[in-house]
Amino acid sequence: MPATRFDPYPRARLFDGPTPIQRLHRLEAALEPVLRGAKLFVKRDDLGGIGGGGSKLRKLEFLLGDALAQGAEVLVGVGPLQSNSARLAAAAAARLGLACELGLWPLEGQAGETLVSGNVLLGRLFGARVQTLPDASAAPGFIAAAAQGRRSYPLPPGASSPLSALGYADCALEIADQEHALGLRFDRVVIANGSSASQAGLVAGFALLGRRRLVQGFSVLADAPVAEANTLALARACHALLRGEDEITAVDIRIDDACRGPGYGRTTPESLDALHLLARHEGLLLDPVYSAKAFAGLLAHLHEGEGTRPRNENLLFVMTGGTPALFGYQSALGT
Ligand SMILES: *Cc1c(COP(=O)(O)O)cnc(C)c1O
């Protein structure tokens, strides 16, 4: 059984899966001219678990399992101020009885509520000590100083590593189980790609089932060549942890960076449109700078190659959470 491949890796339970898969009937009706019969589903990884939920919990389960096995006393995280990863690290530390030190910096041009609300506010509520850093270059110094004689576990940027990718390899197997229950097969699984371990894990997990080129990533951080190289390296290393047999190659990694806009952490008109579209048709929340960009990318792909041929595709979009960041981007949302 594939699940036993995960047994060597200790896991801290932060999250009660499986997360639901839901079909978006109202959105399908609204998008009928572009969908032309394709069915649209979402995987609700924005639900469940602690800390407000989100995709980072799947990754943190394996990182925190490792941290506890190493006897860590303090979790150290660095990232931009509206980091979902940092917020959920703080919640995980609270749940597991560890201290948490966060070093967070503002992105260029950020001001107002972005500096204090959303994820920063929640990180503080979970009891993390938050220090504001001038920029990313201060991160190594912060990590070195944060331990203060305690046994520390520094989290990788974005909580991405081969070990954390196991969380999304497991999600791929979970999706395959749900396909059986739903009586369908997905032709495309779509996810935002930031620090890349989520897409990499999905690729590694589906490869265990002999399913290749299924995952479409939309980069919100690096340009496509860099994101592809990072994702390939992480997918291979994760697949090796699972003792997968078939080699993962560059053709398994599909990433589009056209929806990234002016850069990481900045909204685009298309991402805001996607966010409003899901909110108003389905009552679902995308986050402004990850999943909204990926959903905008999916819409752009659907608009490409317009024609009359029906599509008999089942599309699965992974809702990755990050809704607290909405409150950090209130003015950008124009509401
Ligand atoms: C981190 C994050 C992602 C991207 O996951 P990576 O593993 O970093 O590529 C997508 N959506 C949300 C809401 C996130 O917080």
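## Two domains and their spacing

In this predicted model, the C-alpha centres of domain 1 and domain 2 are 25 Å apart. If you would like to trace them along the chain, the domain assignment puts domain 1 at 12-53 + 161-333 and domain 2 at 70-158. Domain 1 is thus written as two segments, while domain 2 is given as one.

## Where the domains meet

Let's turn to the interface. Here 20 residues of domain 1 make contact with 22 residues of domain 2. Together the two domains bury about 1600 Å², and carbon and sulfur atoms account for 58% of that area. On the domain 1 side, the residues touching domain 2 divide into nine nonpolar, 10 polar and one charged.

What about polar pairing? Between domain 1 and domain 2, seven residue pairs are in polar contact, with both residues at pLDDT 80 or more. Salt bridges are another matter: the rule finds zero of them across this interface.

## Around the ligand

Now for the ligand, which has 17 residues around it. Those that come nearest are Lys56, Lys59, Ser195, Ser198 and Thr320.

Some side chains are worth finding in your viewer. Ser195 places a polar side-chain atom 2.6 Å from an oxygen atom of the ligand. For Lys56, an N or O atom of the side chain sits 2.8 Å from a ligand oxygen. The side chain of Asn84 likewise has an N or O atom 2.8 Å from an oxygen atom of the ligand. How much of the ligand does the protein bury? Taken alone, the ligand exposes 380 Å², and the protein buries 99% of that.

How values were computed: Residues numbered from 1 in each chain as written. Predicted model: local features only at pLDDT ≥ 70, side-chain atom pairs only at ≥ 80, totals over all residues. Heavy atoms only, no water. Domains from an automatic or database assignment. Contact = heavy atoms within 4.5 Å. Buried area = accessible area lost by both parts, 1.4 Å probe. Salt bridge = Lys/Arg side-chain N within 4 Å of Asp/Glu carboxyl O. Polar contact = N/O pair within 3.5 Å; in protein donor to acceptor, adjacent residues only side chain to side chain. Nonpolar A, V, L, I, M, F, W, Y, C, P; charged D, E, K, R; others polar. Near = heavy atom within 4 Å. Areas by Shrake-Rupley, 256 points an atom, 1.4 Å probe, with all protein chains shown as cover.
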